[in-house]
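Please examine the sequence and the structure shown below. The paragraphs that follow begin with one pair of residues and then widen the view.

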Amino acid sequence: MFTKIELKLIVAVGIIIFIIIGVFSYVNIQSQKETMMSQAEDHAYKLSDAIKNSSHSSMLLNKRDQIHEIINTIGEEPFIREIRLLNKEGMVMFSSNNDLIGEMVDKKAESCYACHTANKPLEKLPIKERMRIYRVHPDSSRILGIINPIYNEKSCWDSDCHAHPETQTVLGVLDVKISLKDVDQQIKDSEMRSIFFAVIAIVALSFIIGFFVRKWIVRPVKELVHATHEVSSGNLNYTIEKLGNDELGTLGTSFNNMTRKLAEARLQLFQSDKMASLGRLAAGVAHEINNPLTGVLTYGSFLLKRTKDNSELQDDLKIIVRETKRSRDIVKSLLDFARQSVPKKNKANINEIIESSIHVVENQLSINHIQLEKNFDKSIPQITVDANQMQQVLINLIVNASDAIGNESGLITIGTSLISLSPYGIAQIKNAVCSKHHDLIDNEVKIDGLPTIRVKAITAGNEGYINLDPVYGKHKHQYGIVIKKGKDVQLACPKCNISLIEKDVTCPECGSSVYAFEVSPEGLFKGCTNPECKWEKWDAVDDAGYQDFVVIKVSDNGSGISNEDLSRIFEPFFSTKGKKGTGLGLAVIWGIIDNHNGTIHVKSDLGKGSAFTINLPAK
């Protein structure tokens, strides 16, 4: 029964409310009782004094009729049960009940007991002890009785009509009995009202607290439990909706981040497994295909020597020999992709490499009725590249462009040019470490397909992570924490928590604090902590100034690539061709260009075509 947190909280809070309101109601009822009784006692005492003072002169003049009239008149009030005036011997001299006049009062009666408990009667008695509350029988209403002693005065012992000696202290007692029926009814009504409001308050507060418990605790907890069940069943794409800005909301955000990273980690493991399988496949392919390729290459070379007089056949055989060698190199490149081999760079003319690549695929292009337009800058100097790898890049790009156009006639344009570019917006941070040499590169979160720099951020008591854009000057950072303008931000290494903030250094543009980390071997990289400020500084790269780049642009008017796929096209095994593609082509291209210290970018409009731009250092 008590296995749900909702029920536990409501019951616990309900018991606490019940105790608090119960104690408060009890104290309040007791206080009201005491107040009403105090008022009743005060009223009785004043009434007794009023009767005694009213009959004072009549007693001095011994006017018994006036005393009778006063007592009878006052005794007719409905709340007055009885008024008696007793002499010193205990005889009832005057009473609102005429039948009691002349009777002797028992000294052990409730009205006499307070003064006559000792052998000698008390001459003085405190006001509180003059009062008594009793019932005639258990079912009757309570009665408040008050005795008011009549003390001897000078006017009494000096009077001619009295025979009271001066030594006598008490001449008699005025006994007034008042019914507490109305007071008891008021107390009972007050008790019922207090109990009623206490019950209403307990029920209302229980419902209100139950509502907010369900809203602020139960619903978020149920959502978190449901999310954990989804994750445990293997659904790492499940995300929790915004639960609020409290601790449970933060927990929900952290849960989403965790599942996202788990999904990325699972994908990486899957891709790593694919890579391992690819390595084993490549080894098998190298063994199984190299032997037939060797036979083709041997017989092709042999035929090439025997057909020197046949120029047309010589051209075909040269293509066979050259492409057989290239096929052998591609198999080797497949192994190099798995092993991340270093390219063999030599001076080469990029225009000639492009021409060789076109020559390989021109038959396929003509079959599909695709025109190819060349815009080469013949003044481009030779650059240091691996010619085979660059040919592989260009063939892949041309084939991809052809697949994007399909069987319909289209246009592929290939152009080269020489430009001078600033490193700002081009240079990539490939290695980043804190002052204790902990790696800051995050291969799980990528921006434009590139690994990011992960740092811990603390602001306004909240903690989160920021993934910095690895391209110098682009500033496409991903923020896992809200950083408000004007708030101090502390950036630190996620592994050792050492601060990355530069002491006594502020941003020259906005005055905010500046972070810094080491980029090997290019030196210190600095940036502004203000998300709205774009200032970054990389002295080693800036000092190098503008650099000359050879630009290769391959564009087509094919189907284009959607915005959702653009950020993933360079990921291994991601393909937009469905079962027709392996997902390795662009990943291999990106790896080759990166190993040449170059960059590759793509612009695409769905339904209009795509344009791949490669920038290779001219020196």
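**From a bridge pair to the whole chain**

Lys553 has Thr613, in β21, as its bridge partner. The model in which this pair appears is a predicted one. Strand β19, residues 547-556, and strand β21, residues 609-617, are paired in the antiparallel sense, with seven bridges between them. In general, the strands of a sheet are paired through backbone hydrogen bonds, in either a parallel or an antiparallel manner.

The wider setting is an open sheet of five strands, ordered β7-β9-β19-β21-β20, in which the pairing is mixed. At its edges lie β7 (370-375) and β20 (599-605), each of which pairs on one side only. From one strand to the next, the twist averages 15°. Helix α9, residues 387-405, packs on this sheet and touches β7, β9 (410-421), β19 and β21; the direction of α9 makes about 140° with that of β9. Helix α12, residues 585-595, also packs on the sheet, where it touches β20 and β21, and its direction makes about 140° with that of β20.

Elsewhere, helix α1 spans residues 5-54 and contains Tyr26. Tyr26 counts as exposed because its relative accessibility is 55%, the cut-off being over 50%. Together with Ile15, Phe18, Ile19, Val23 and Val27, Tyr26 forms a nonpolar patch on the surface, with about 630 Å² of accessible area in total.

For the protein as a whole, the secondary structure comprises twelve helices and 21 strands. Of its 619 residues, 39% count as buried. The accessible surface is about 35800 Å², and carbon and sulfur atoms contribute 55% of it. Among contacts with a separation of 6 or more, 62% are between residues 24 or more positions apart.

Technical notes
Residues numbered from 1 in each chain as written. Predicted model: local features only at pLDDT ≥ 70, side-chain atom pairs only at ≥ 80, totals over all residues. Heavy atoms only, no water. Helix = DSSP H or I, 4+ residues; strand = E, 2+ residues; numbered from the N terminus. Buried < 20%, exposed > 50% of the residue type's maximum accessible area, 1.4 Å probe, protein only. Contact = heavy atoms within 4.5 Å. Areas by Shrake-Rupley, 256 points an atom, 1.4 Å probe, with all protein chains shown as cover. Patch = residues over 30% accessible without salt bridge, like charges linked within 9 Å, V, L, I, M, F, W, Y side chains within 5 Å. Salt bridge = Lys/Arg side-chain N within 4 Å of Asp/Glu carboxyl O. Pairing = 2+ DSSP bridges. Axes fitted to C-alpha atoms, helices over the stretch in contact; angles between N-to-C directions.
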